[in-house]
Amino acid sequence: MNFVIAADYNALSSAAADRIESLARAKPNAALGLPTGETPVGVYREFARRVRESRLPLPLGEGRGEGLDLSHLTIFVLDEYLDVGRGDPRCLADWLDRDLIRPCEIAPGRVHVFDGLSAEPTLTCAEYEAAIVEVGGIDLQLLGLGPNGHVGFNEPGSRPDSRSRVVRLAAESIASNARYWGGPDRVPRYGLTMGLATLRQAREILLLVSGANKAKILREVVEGPMTNDVPASLLRDHPNVTVMADREAAADL
Ligand code: GLP
């Protein structure tokens, strides 16, 4: 496990944006797995700023800058609520669309999302797994950390060999997601998520953790036992996983 401890949220966002940018330059056809949530908002804002800046005309009429070409990237959205479709204010795919896809002018056709309205969610999950295999696997998987140690919607009790699937949200996740949507009653009870085995197959994982309220759970993830009760702890023996935390989140390590 590698660690990057950033001074604050802006530095954390900038460090993660660096990693995405260097991958996008080194491997223009890379596949990225991306979460929503509040933690990566700054990363996406900073990355989108760089993309826009890279495409500005150069001074003195020298043409355009060496713009970041994202037209060959593939993106997999980490999770979605069940029974929630595009256009619903709670749709996680729409959230990523607003924060990253549209600001970076990434073609919607390059973005894989779980269809929360699928009549056959199990089949949808199997197709998601197949789509990841088809592009040759995920190069870089970004993750946030739930207050109960979840990654995506892999709730406590999730097995390390779990694949993309329908899950019942833990009470703690419903409570913590309530702040996004104006109350716990607005939070769907089920979700679709990439599984822990799916995440562990990514060539590189960045676990983003910000704020004092994540300090205790981050300590469990890093220093406690590797256990299904703290799903993020099961990423610890991945050969290329980096915890990127700000100082507040890293305070108990
Ligand atoms: C949510 C999402 C996760 C997210 C996590 C942390 O429930 N399903 O993908 O990473 O909780 O959210 P936040 O970054 O807002 O703290």
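**Close-up 1. Residues at the contact between helices α2 and α3 of the predicted model.** On the α2 side, V41, Y44 and F47 meet W95, L96, D99 and L100 of α3, contact being taken as heavy atoms within 4.5 Å. Sorted by class, this contact comprises six nonpolar residues, no polar ones and one charged residue. The model is predicted, so that local features need pLDDT of at least 70 and side-chain atom pairs count only at pLDDT 80 or more, whereas totals for chains, interfaces and linings use all residues. Residues are numbered from 1 along each chain as its sequence is written, and side-chain values use heavy atoms, with hydrogens and water left out.

**Close-up 2. Packing geometry of α2 and α3.** Helix α2 (residues 41-54) packs against helix α3 (residues 92-101) at an angle of about 40 degrees, and their axes lie 9 Å apart.

**Close-up 3. Polar contacts around the ligand.** With polar contacts defined as pairs of N or O atoms within 3.5 Å, a backbone N or O atom of E38 is found 2.7 Å from a ligand oxygen atom, while a polar side-chain atom of N177 lies 2.9 Å from an oxygen atom of the ligand. For Y180, a side-chain N or O atom is 2.5 Å from an oxygen atom of the ligand. The ligand taken alone exposes 390 Å², of which the protein buries 97%, the areas coming from the Shrake-Rupley method with a 1.4 Å probe.

Key:
Axes are lines fitted to C-alpha atoms, for helices over the stretch in contact, and angles run from 0 to 180 degrees between N-to-C directions. Helices (H or I, at least four residues) and strands (E, at least two) are DSSP runs, numbered from the N terminus. Ala, Val, Leu, Ile, Met, Phe, Trp, Tyr, Cys and Pro count as nonpolar, Asp, Glu, Lys and Arg as charged, and the others, Gly among them, as polar. A polar contact is a pair of N or O atoms within 3.5 Å; within protein, one must be able to donate a hydrogen and the other to accept it, and residues adjacent in sequence count only if both atoms are side-chain atoms.
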